[in-house]
Amino acid sequence: MTNSKWLRRALLGGVAVTVMSTGAQADELTALKAQLQALQSRVNQLEAQPAASSQLPEGASFITFKRGTEATADWNTARVGDAVPNDRGFTIAITPTADLPAPVHEVTVSGYVKGDVIYDFNQDLGNAFSFTGITDDPDSAEHIRLHAEQSRFRIKSRSDTSIGQIRTLIEGDFWGGDFRLRHAWGEWDMTPNLTLGVGRYWRNFMSLITGISTVDFNGPIGLIGTSRNNQVRLTYHDGPMEFAVSIEDPTGDSSQGIGNDLLTGAIGTITTPATAALETGGASDNLPDLNARWQYSAPGGWEFLVSGMLRNFHTDGDLGFDGDSALGWAVQGAVNFNLGDIATLTTSAMYGDGIGNYLYGASYGAYVNRNGDIKTIEGLGVFAGLSFDVTEATTFNVGWGWAKMDSGDTRDAADLYGEELNREIMSVHANVMWQPVREMRLGWEVIWADRKYRDGGGIDGAGNTSGTNKSDDAWRAQFGAWFFF
């Protein structure tokens, strides 16, 4: 009896424990189900929210970085020999929203560090080969110099807008020891065929297709003189054809002479029909230069260019005479020939009256004579160059240039003012360029130049002038190393 009661009580206790355990699990399941329902409700709320409210502040954009500058590669802003490889530098691309996945604003940063080792065999001609520095000075001697002033930094941008693409260029180097602004230029595609440009950029008269790669910073004679200018330009382009007109600062970026290439200096008392003193100054830049250029790229790598310019020389009445004006002009033709994809022959010729600093090698564009009249100086420049691909990494380049100024004009101006003016200059650049990797290029160059000039003797009290024709030549050897970043 006792054992039976004990067994019955044990069975009832087990049933009670089982019932209690089952009740606890049911409570946990109920709680878990409630949590799942709450989580699903939260997910539904998040999915219902619009994509624009993704915790980014209004106006925020997606920014990406990538190697290379292909984004602006189709906008050529470099002259021959100045280009940075497109796989160097880097690009910052900005995409504003997920609805517009293509970048609408891209900025490319590129440049290089360049070091030069220069040896002049005859006389010191500076960090860049200076043709006007060639003289018959008996004290001239051999000279060596090292510098890194050509090192360059470039920022370009491209922005797609609702009114057309807008592009900018800012570029500088360290020529002269300090940072120097080379380009500050903006372009706007007003229509698919019409582009407006404003700022400092290559002269519109200039041929970007002409020339060879050189180690020397200046390059051959007979090409463009002052190459960059402040201007406003309108360009029409249609496929391989381009036509551009511009108004430009009449003095250029670094005009030689006083005001608009016009030689007006203190030359003493001159005997004239109305005896007067021609004093320093008097040149006036009253009108901008007008430039026009037509360019065509033909199939097979052939390129053609024709350009022209008009400029105004002007003096005010404070010279002691009535003010005077004279028209200067110049024309240029250039052709690049592709020789079987292994070499390029590049040629150009320019001629003008009052051409001045448009021609590398000319001293002045005009001068004021004894009567106060402006006399323009004629000039001719010719260039021919050959670039030959020796291997995929090595090129051989040779360039010949010649600049000739009217002998009578230079004689009269030099003798009147006691100036040293160029009459004729010839130069040859020959080099080997080796680029074993995209990050570096090495160059070895030899330069020769012959300069003929008029050393003016000035004017005496009786109005007599005297001067001497002189000439000399010079040799230079140069090594350069570019490191592209």
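Two strands are taken to pair if DSSP finds at least two bridges between them, and in this predicted model that criterion is met by strand β10, residues 241-248, and strand β14, residues 289-298, which run antiparallel and are joined by eight bridges. Within this pairing, Met 241 stands opposite Tyr 296 of β14. Strand β14 is also joined to strand β15, residues 302-315, by nine bridges, again with the two strands running antiparallel, and here Arg 293 has Ser 307 of β15 as its bridge partner. The strands β14 and β15 form a hairpin in which three residues lie between them, and Gly 300, located in the turn, has a positive phi of about 90°.

A positive phi is also found at Asp 341, a residue other than glycine, where the value is near 60°. Asp 341 is placed in the loop between β16 (324-339) and β17 (343-353), and this residue is exposed, with a relative accessible area of 64%.

An open sheet of three strands is found as well, with the order β11-β18-β19 and mixed pairing. Its edge strands are β11 (262-263) and β19 (374-376), each of which pairs on one side only. Strands of a sheet pair through backbone hydrogen bonds, in either a parallel or an antiparallel arrangement. For β18, residues 366-368, the pairing with β19 is antiparallel and extends over three bridges, with Tyr 367 standing opposite Lys 375 in β19. Helix α2, which comprises residues 407-417, lies across β11, β18 and β19 and runs at about 45° to β18.

How values were computed: Residues are numbered from 1 along each chain as its sequence is written. This is a predicted model: local features need pLDDT of at least 70, side-chain atom pairs count only at pLDDT 80 or more; totals for chains, interfaces and linings use all residues. Side-chain values use heavy atoms; hydrogens and water are left out. Helices (H or I, at least four residues) and strands (E, at least two) are DSSP runs, numbered from the N terminus. Contact means heavy atoms within 4.5 Å. Axes are lines fitted to C-alpha atoms, for helices over the stretch in contact, and angles run from 0 to 180 degrees between N-to-C directions. Buried means under 20% relative accessible area, exposed over 50%, partly exposed in between (1.4 Å probe, protein chains only).
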